[in-house]
Amino acid sequence: MKKLALHWKILIGMTLGVMWALVSSSMGWSQFTINWIDPFGTIFINLLKLIAVPLVLFSIISGVANIGDPASLGRMGGKTLGIYLVTTVMAISLGLLLVNVVKPGKLIDEQSRIDNRISYEIWADSQGYEIKDGINYLQDPAFFKRAQEISKLSNSELKEAAVADKMESVNNKKDSTPLQPLVDIVPSNFFYSLSSNGLMLQIIFFAVFFGVCLLFIPSEKSKPVLNLVDGVNEVFLKMVDVVMQAAPFFVFALLAGVVSKMAGDDIGKVVEIFKGLSWYSLTVLAGLLLMIFVIYPVILKLFVKKIPYSGFFKSMGPAQTLAFSTSSSAATLPVTMECVEQNLGVNKKVSSFVLPIGATVNMDGTSLYQAIAVIFLAQMHMIDLTIAQQVTVVLTATLASIGSAAVPSAGLVMLIIVLDSVGLNPAWIAIIFPVDRILDMFRTVVNVTGDATVCSIIADGEGMLDYKEDTNPTETFDLDS
C-alpha cells in the first residue's frame, strides 16, 4: 500500500466508503456509521475550511506581487491578465449554460430531492442563512413528519427556526440597495472578514489590493514582505499536502457518512445518488471537452492564423498527457514551457512570463467545474438559484480561481468558497467527491491548454512567435529542467 500513488489510495478509500455504506444500509447499521464514522469526514471538511482562507489570501498576494515591478504590468502584463480573465469568464458561463440546460440535479427522483431540501432548510436554519428561493418546506404540515425523522427536531423547534430565519431575512433587506453586492466586496474590517469563509470576496479584494500596492513601493521595502508572504504561502500549501496524505481515510469516512445519511436503510436511494452523479459528470466533461477542442482553438484562430488546429494539439500533446496523469498544472509547467517554446515557436521571453502567471491565475477548468457543481448541488436540493445568485457564482469562481493552487484537489478547497458565497452547505462537496479525481485530470488538461493558447496569442501580438508547421514535436523532456 505504501508504494501506491495517492490518487489510487483515495480511489480505494472512496470505493470502501461506498461499499461500507451499502453494507451498513442493508444491515441496518446506518446510525452507527453516522455516529462513529461520519465525524471523521466532518473533521476533513473542517481542515479544508481551516486552510481555505489563509491559502487564498497569501496565494493571491504572492501571485499579484510576483508579476514584477510596475513597468512589467504594462502592455504584456495587461493583455495576459485580461485574456486569462476573459477565458475564465467564458469557461464559467459555458458551465452555467450547460448545467441550466441539462439540469443534472433534477434527474434524481422527487422523494430524494425533497429529503435533500428538508436537510438543506434545517442546515440553513441552524446557520442563520436565508432560504434562497423563499420556499420553506419546514412550515408545510405535509412535510413535518418527514422533517422530524430527518432532523429529530420537534414541530415547535422547526417553526421557531423558520420564523427566526424569515425575520432575519426581512431585517437584512431593509438597508439593501441595488449596489449592495458591490459594497459587500469592500471590507470595513479586514480581520472580521478573515473570521468567515462566507466573506471570501472581501478577502480576495484585500489580497489583490495589497499585492498591487506592493508593486508600487521600493523593492528594498517590499522584498521582506514578499519573502514573508511566499514563505507563509508555502506553509499552507504544505498543509494541503499533509491533509491530502490522510485523505484516503477521511474520504472513506466522508463517503460512508454521506451515503448513509442520504440513503438511510434504503439502498435504492444510493442508486439515485449515483444516477445524479453520472449526469453531473457527463455535464462537466462536456464543458471541459468543449473548452479543449472548440473554445480554445476558435480563440487561437481568431488571433493567430499561422497555427493550424491539428498542429496545435500535436505540439501540445506531451504537456496535455502529463497534465492528465498528474492533475497538476505546476508539475506540468516545465513540459508546457518546452512544448510552447520548441513546438509552437514562442519566444522564451514571453513563455517565461505568461506561463507561470497562467499556472497561478488561469484555472478555467476548475472554474467551469465549480460553476456546474454549485448549480448541480442546488438543483439536487430543490433550490432554484436566481440570475443574481448565479452571477455571484461567476464572480466568486472567477476571483477564487486566482487563489487556486496549481496542485491536485486545490479546486475542491475553492469550491467551499463558492458554495459559501451563495449560502449553500460546504459539506455538500462530499456528494461530488467520488467522481472528483477523474474530473480533476480533465480540468488540468483544460488549464494547461488555456495557458498555451494565451501564451501563443501574446507572443504573436508581440511579434515573438515563430511557428513552423514542419516542426517535429519534442518527444522527450527533462522534467528536472
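## A buried residue in an all-helix model

Met382 is buried, since its relative accessible area of 13% falls under the 20% cut-off. This residue makes a good starting point for a tour of the model, which is a predicted one. Met382 sits in the loop between α17 and α18 (387–402), and its backbone has a positive phi of about 60° although the residue is not a glycine. As background, most residues other than glycine have a negative phi. The turn to a positive phi at Met382 comes just after α17.

A wider view helps to place this loop. The protein has 21 helices and 0 strands. Of its 481 residues, 52% count as buried. Among the contacts between residues at least 6 apart in sequence, 80% join residues at least 24 apart. One pair that is far apart in sequence is Leu322 and Val448: 126 residues separate them along the chain, yet their C-alpha atoms are 9.9 Å apart in space. Leu322 belongs to helix α14 (residues 309–326) and is buried, because its relative accessible area of 19% is under 20%.

The helix that precedes the Met382 loop deserves a closer look. At 1.5 Å a residue, the 17 residues of α17 should span 24 Å, and the end C-alpha atoms are indeed 24 Å apart, so expectation and model agree. Of the 17 residues in α17, 17 are buried, and the helix is therefore largely enclosed by the rest of the structure. Nonpolar side chains in soluble globular proteins tend to be buried together. Here, the largest nonpolar core has 116 residues, and those touching the most other members are Phe44, Tyr280, Met316, Val374, Leu424 and Ile432. Helix α17 (residues 364–380) supplies the largest share of this core, with 11 residues. What does Ile432 touch, leaving aside its neighbours within four places in sequence? Its contacts are Leu277, Tyr280, Tyr369, Ala373, Phe376, Leu377 and Leu415.

Helix α5 (residues 110–127) offers a second example of agreement in length. With 18 residues at 1.5 Å each, the expected span is 26 Å, which agrees with the 26 Å between its end C-alpha atoms. This helix is mostly covered, with 13 of its 18 residues buried. Just after α5, Gly128 takes a positive phi of about 80°. On the other side of this helix, Lys103 lies in the loop between α4 (75–102) and α5. Lys103 also has a positive phi, of about 55°, without being a glycine. Is Lys103 buried or partly exposed? With a relative accessibility of 31%, Lys103 counts as partly exposed.

The structure holds 4 salt bridges. One of them brings the story back to the loop after α17: Asp384 pairs with Lys106, with the closest N and O atoms 3.7 Å apart. Asp384 lies in the loop between α17 and α18, whereas Lys106 lies in the loop between α4 and α5, so the pair ties together parts that are 278 residues apart in sequence. Both partners are partly exposed, Asp384 at 46% relative accessible area and Lys106 at 33%.

Another salt bridge joins Asp460 and Lys306, whose closest N and O atoms are 3.8 Å apart. This pair links distant parts of the chain, 154 residues apart, with Asp460 in helix α21 (residues 436–461) and Lys306 in the loop between α13 and α14. Asp460 counts as partly exposed at 26% relative accessibility, as does Lys306 at 42%. Within helix α21 there is a further bridge, in which the side chains of Asp440 and Arg443 meet at 3.2 Å, N to O. These two residues are 3 apart in α21, about one turn of the helix. An α-helix has 3.6 residues a turn, so residues three or four places apart point the same way. Asp440 and Arg443 are both buried.

The surface completes the picture. The protein exposes about 21,100 Å², and carbon and sulfur atoms supply 65% of this area. A nonpolar surface patch of about 740 Å² is formed by Leu289, Leu290, Phe293, Val294, Val298, Leu302, Phe303 and Tyr309. Which helix gives the most to the nonpolar patch? The answer is α13 (residues 268–303), with 7 residues. Leu302, a residue of α13, counts as exposed because its relative accessibility of 58% is over the 50% cut-off.

How values were computed
Residues are numbered from 1 along each chain as its sequence is written. This is a predicted model: local features need pLDDT of at least 70, side-chain atom pairs count only at pLDDT 80 or more; totals for chains, interfaces and linings use all residues. Side-chain values use heavy atoms; hydrogens and water are left out. Helices (H or I, at least four residues) and strands (E, at least two) are DSSP runs, numbered from the N terminus. Buried means under 20% relative accessible area, exposed over 50%, partly exposed in between (1.4 Å probe, protein chains only). The expected span of a helix is 1.5 Å times one less than its number of residues. Patches are made of residues with over 30% relative accessible area and no salt bridge: like charges are joined within 9 Å, nonpolar side chains (Val, Leu, Ile, Met, Phe, Trp, Tyr) within 5 Å. Accessible areas come from the Shrake-Rupley method with a 1.4 Å probe; for residues, only the protein chains shown count as cover. A nonpolar core is a set of buried Ala, Val, Leu, Ile, Met, Phe, Trp, Tyr and Cys residues joined through side-chain atoms within 4.5 Å. Contact means heavy atoms within 4.5 Å.
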